[in-house]
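Good morning, everyone. Please have a look at the structure on the screen, and I will talk you through it part by part.

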Amino acid sequence: SKLWVTVDKFESKVKHWERVRITGATKAGKSPTAENIAVVMGMHSKNTRICLYNPREDSLKNNWSIPAIGETHNDSRDGLKTLVDAVQNKIKNLPIFVFDEVDNTLTDVANGKKQYTLGCQIKFVLKEASHDGIKVILIGQNAYCSNY
């Protein structure tokens with residue numbers, strides 16, 4: 001009963017969630033799951049705006065109906081920096097932040113090294129944002145994201 005929630009109980013189950021990490025293989029349904037969660041979060045938030053960072057906006061596998069405001073890994077890094085600044089400055093009434101492809105964003109494409117600073121920023125956001133009711137969804141294929 002803790003693993004499976006029927007559709008009629010989905011909204012009541014997730015409406016108070018503040019941070020979510022979704023991992024899974026290609027075609028596992030990460031993005032549709034994240035979108036459903038983000039929509040429910042928005043229905044029960046003061047600010048219903050969703051800021052989606054989707055570095056694979058041009059992918060044939062892109063099933064998002066929410067328009068992306070960031071379409072590259074650099075955009076995602078900038079969005080994360082914006083979120084970190086907002087958390088540090090205790091800015092209220094923020095949108096829901098959704099970062100897709102986090103596992104790839106955490107890797108420097110040029111040399112394949114993990115970005116320690118970015119990982120620390122994610123860890124900071126996950127630890128601090130929930131104290132201020134900031135809602136964040138991280139999506140990626142790699143379970144390594146759980147380290148952050």
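I will begin with a lining. By class, the residues around the largest pocket are two nonpolar, eight polar and six charged. That pocket has a volume of about 350 Å³. There are 16 residues in its lining, and those nearest its centre are Lys27, Lys30, Ser31, Lys61 and Glu101.

Before going further, a word on what we are looking at. This is a predicted model. The average pLDDT of the protein chain is 82, and 86% of the residues score at least 70. Where is confidence lowest, and where is it highest? The lowest mean is in α5, at 79, and the highest is in strand β2, residues 50-53, at 94.

Now the second largest pocket. About 270 Å³ of space lies there. Its lining has 14 residues, and Lys46, Asn93, Leu94, Asp132 and Gly133 are the ones nearest its centre. By class, five of the lining residues are nonpolar, five are polar and four are charged.

Let me step back to the overall layout. The protein chain has five helices and five strands. Along the sequence they follow the pattern α-β-α-β-β-α-β-α-α-β. Of the 148 residues in the chain, 44% are buried.

Next, the strands. Strand β5 covers residues 136-140, and five of its five residues are buried. In general, side chains in a regular strand alternate between the two faces of the sheet. Which residues of β5 lie on each side? Val136, Leu138 and Gly140 are on one side, Ile137 and Ile139 are on the other, and all of these are buried. So both faces of this strand count as covered, since buried means under 20% relative accessible area.

What does β5 pair with? One partner is strand β1, residues 19-23, which runs parallel to β5 and is joined to it by five bridges. In that pairing, Ile22 stands opposite Ile139. Another partner is strand β4, residues 96-99, also parallel, with three bridges to β5. Here Val98 stands opposite Ile137, and Phe99 stands opposite Leu138.

Strand β4 can be read in the same way as β5, face by face. Ile96 and Val98 are on one side, Phe97 and Phe99 are on the other, and all of them are buried. Strand β4 also pairs with β2, in the parallel sense, over four bridges. Leu52 stands opposite Val98 in that pairing. If you follow Val98 on the screen, you will find Leu52 opposite it in one pairing and Ile137 opposite it in another.

Now for the enclosed space. Rolling a probe the size of a water molecule over the atoms shows where empty space is left. In this structure there are two cavities of 30 Å³ or more. The largest cavity holds about 70 Å³ of space.

Which residues line the largest cavity? They are Ser76, Arg77, Leu80, Phe99, Val102, Thr105, Leu106, Leu118, Ile122 and Leu138. Two of these names have come up already: Phe99 and Leu138, which stand opposite each other in the pairing of β4 and β5. By class, the lining has seven nonpolar residues, two polar and one charged. As for the helices, α3, α4 and α5 each supply at least two lining residues. The largest share, three residues, comes from α3.

Helix α3 brings me to the last item. How many salt bridges does a search of the whole structure find? The search finds one. It joins Asp85 and Lys81, and the closest N and O atoms are 2.8 Å apart. In general, side chains of opposite charge can pair when their charged atoms come close.

Why are these two separated by about one helical turn? Because Asp85 and Lys81 are four residues apart in helix α3, which spans residues 73-88. Are they buried, exposed or in between? Asp85 has a relative accessible area of 27%, so it counts as partly exposed. Lys81 is also partly exposed, at 40%.

To recap, we have gone over two pockets, the strands, the largest cavity and the salt bridge. Thank you for listening.

Terms used. Residues are numbered from 1 along each chain as its sequence is written. This is a predicted model: local features need pLDDT of at least 70, side-chain atom pairs count only at pLDDT 80 or more; totals for chains, interfaces and linings use all residues. Side-chain values use heavy atoms; hydrogens and water are left out. A salt bridge is a side-chain nitrogen of Lys or Arg within 4 Å of a carboxyl oxygen of Asp or Glu. Buried means under 20% relative accessible area, exposed over 50%, partly exposed in between (1.4 Å probe, protein chains only). On a 1 Å grid over the protein atoms alone, a cavity is a set of points where a 1.4 Å probe fits but cannot get out, and a pocket is an open set with protein on both sides within 12 Å along at least five of seven lines; lining residues have an atom within 4 Å of a point. Grid points are joined across faces, edges and corners, and a volume is the space filled by probe spheres set on the points. Ala, Val, Leu, Ile, Met, Phe, Trp, Tyr, Cys and Pro count as nonpolar, Asp, Glu, Lys and Arg as charged, and the others, Gly among them, as polar. pLDDT is the predictor's confidence in each residue, from 0 to 100. Two strands pair if DSSP finds at least two bridges between them.
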